[in-house]
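Let's walk through a structure together, one question at a time. Keep the viewer open as you read.

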Amino acid sequence: MVIAKAWVLKKHFDGFPKTSDFDLKEIELPNLKDGGEQKLLLASVFLSVDPYMRPYSRRLMKEGDIMIGTQVARTVESKNPAFAVGAFVVCDRGWRTHFISDGKDLRLLPSSWPESLPKSLALGTVGMPGLTAYFGLLEVCKMKPGETVLVNAAAGAVGSVVGQLAKIGGCKVVGCAGSDDKVAYLKKLGFDEAFNYKTVKSLDEALSKASPDGYDCFFDNVGGEFASVAINQMKKYGRIAVCGAISEYNDSVPQKGPYVQYPMIFKELQMEGFLVTRWNHRREEGLNALLKWVVEGKVKYHEQITEGFENMPMAFIGMLKGENIGKAVVKV
Ligand code: NDP
């Protein structure tokens, strides 16, 4: 018999999440059976902490529920021939160390996954955040060679892939991030221009200096004040992919900003919100493309790995504070 550990949402977040909003529980798992749904025992190896957990906790969860989230897990016991003992899978079973499955909710890592590549990348560059960058740029921004792309939270899981894919696509890339170390990382990744939005005197001037002609595409991970300033620097017929609004997720009272109609009308802009799940039917295409670029060294990655399942709340809070370069992951 296995006792799983799980983090539950003790209290809905009010403002910035606190460690006291979480509780660590133990759950006794049943033994596997030949028939029925208890066919596989899995152990989480890497767990993802993502910004969406903050707004979705309110939308999807009630107090006492296990925190939502995705993990890379290893098959420990199997009565399902499709999953050998030792097989690695990706699944959305929340913040828990072990769980039982019938196999239907499990996705095997791509068969071409090289042994030398960390499996945790299936939660980042070759996982949901990478797919968000891929489909957001191709299908929402519709970037074309020679264009200028702006991305914020640029050193994070999604943003760092956005910048690199835009370079592969023949664009000029400008990235903004919240520390000098992050800016140095962006330069290392090949961003044409990068600056620390926290230390520039004027965001407006910094954006204008980085691209005096303005921006064709804006991949917005942040929303709020940043987006209100950046929209005025778009070129005519520019496209804005509204991916995330992390600057607003912890607000107890919604921010009010300038209205978007003037720049939208006079620059004839397109602004489209999206969820990466829209392209679930093309997941394989996206993952294969990302995996190929990573293996070829054309897309580089960095992971912020926190050791220990007991540190999940701290890793989540740290990511929301901007402590991560690249993808924030917890290793059990
Ligand atoms: P990141 O790895 O980028 O981590 C979050 C980063 O956000 C932090 O490192 C920090 O970077 C930045 N940040 C935090 N607070 C603020 C703030 N108040 N103002 C500005 N920046 C802030 O996370 P992801 O790459 O996983 O996600 C990036 C965005 O994409 C999020 O908004 C997320 O919700 C969204 N997303 C949307 C998806 C979709 O389907 N639409 C799917 C996946 C993600 P810094 O130090 O640079 O400020």
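**Salt bridges and helix packing**

Q: Which residue forms a salt bridge with Lys-298?
A: In this predicted model, the closest N and O atoms of the pair are 3.1 Å apart. That lies within the 4 Å allowed for a salt bridge. The partner of Lys-298 is Glu-296.

Q: Are Lys-298 and Glu-296 buried, partly exposed or exposed?
A: Buried means under 20% relative accessible area and exposed means over 50%. Lys-298 has a relative accessible area of 49%, and Glu-296 has one of 38%. Because both values fall between the two limits, each residue counts as partly exposed.

Q: Which residues are joined into one network by salt bridges that share partners?
A: Here we look at salt bridges with partners in common. They link three residues into one network: Glu-139, Arg-282 and Glu-285.

Q: How many salt bridges does a search of the whole structure find?
A: Side chains of opposite charge can pair when their charged atoms come close. The pair of Lys-298 and Glu-296 is a salt bridge of this kind. Searching the whole structure gives a total of 18.

Q: How many residues apart are Lys-236 and Glu-268?
A: The side chains of these two residues meet in a salt bridge, with N to O at 3.1 Å. The pair links distant parts of the chain: Lys-236 belongs to strand β12 (residues 234–242), while Glu-268 sits in the loop between α7 (261–266) and β13 (270–273). Lys-236 is partly exposed at 46% relative accessibility, and Glu-268 is partly exposed at 40%. Along the chain, the separation is 32 residues.

Q: Which residue of the salt bridge between Asp-21 and Lys-18 is buried?
A: The two side chains meet at 3.6 Å, N to O. Lys-18 counts as partly exposed, at 39% relative accessibility. A relative accessible area of 2% falls under the 20% limit, so the buried residue is Asp-21.

Q: Are α2 and α3 parallel, perpendicular or oblique to each other?
A: Two packed helices are described by the angle between their axes and the distance between the axes. Helix α2 (residues 128–141) and helix α3 (residues 157–168) have axes 8 Å apart, at an angle of about 45°. This angle is neither under 35 degrees nor in the 65 to 115 range, so the two helices are oblique.

Q: How many charged residues are in the contact of α2 with α3?
A: On the α2 side, the contact is made by Pro-129, Gly-130, Thr-132, Ala-133, Tyr-134 and Leu-137. From α3 come Ala-157, Val-158, Val-161, Val-162, Leu-165 and Ala-166. By class, there are ten nonpolar and two polar residues, and the number of charged ones is none.

Q: How many charged residues are in the contact of α2 with α8?
A: The axes of α2 and helix α8 (residues 283–295) come within 10 Å and cross at roughly 100°, so these helices are roughly perpendicular. Residues that meet here include Tyr-134 and Phe-135 in α2, and Arg-283, Glu-285 and Trp-293 in α8. The contact has seven nonpolar and two polar residues, and the charged ones number two.

Q: Is Gln-164 buried or exposed?
A: Gln-164 is placed in helix α3. Leaving aside neighbours within four places in sequence, Gln-164 is in contact with Leu-189, Phe-191, Lys-298, Val-299 and Lys-300. Because its relative accessible area of 3% is under 20%, Gln-164 counts as buried.

Terms used: Residues are numbered from 1 along each chain as its sequence is written. This is a predicted model: local features need pLDDT of at least 70, side-chain atom pairs count only at pLDDT 80 or more; totals for chains, interfaces and linings use all residues. Side-chain values use heavy atoms; hydrogens and water are left out. Axes are lines fitted to C-alpha atoms, for helices over the stretch in contact, and angles run from 0 to 180 degrees between N-to-C directions. Helices (H or I, at least four residues) and strands (E, at least two) are DSSP runs, numbered from the N terminus. Angles under 35 degrees count as roughly parallel, over 145 as roughly antiparallel, 65 to 115 as roughly perpendicular and the rest as oblique. Contact means heavy atoms within 4.5 Å. Ala, Val, Leu, Ile, Met, Phe, Trp, Tyr, Cys and Pro count as nonpolar, Asp, Glu, Lys and Arg as charged, and the others, Gly among them, as polar. Buried means under 20% relative accessible area, exposed over 50%, partly exposed in between (1.4 Å probe, protein chains only).
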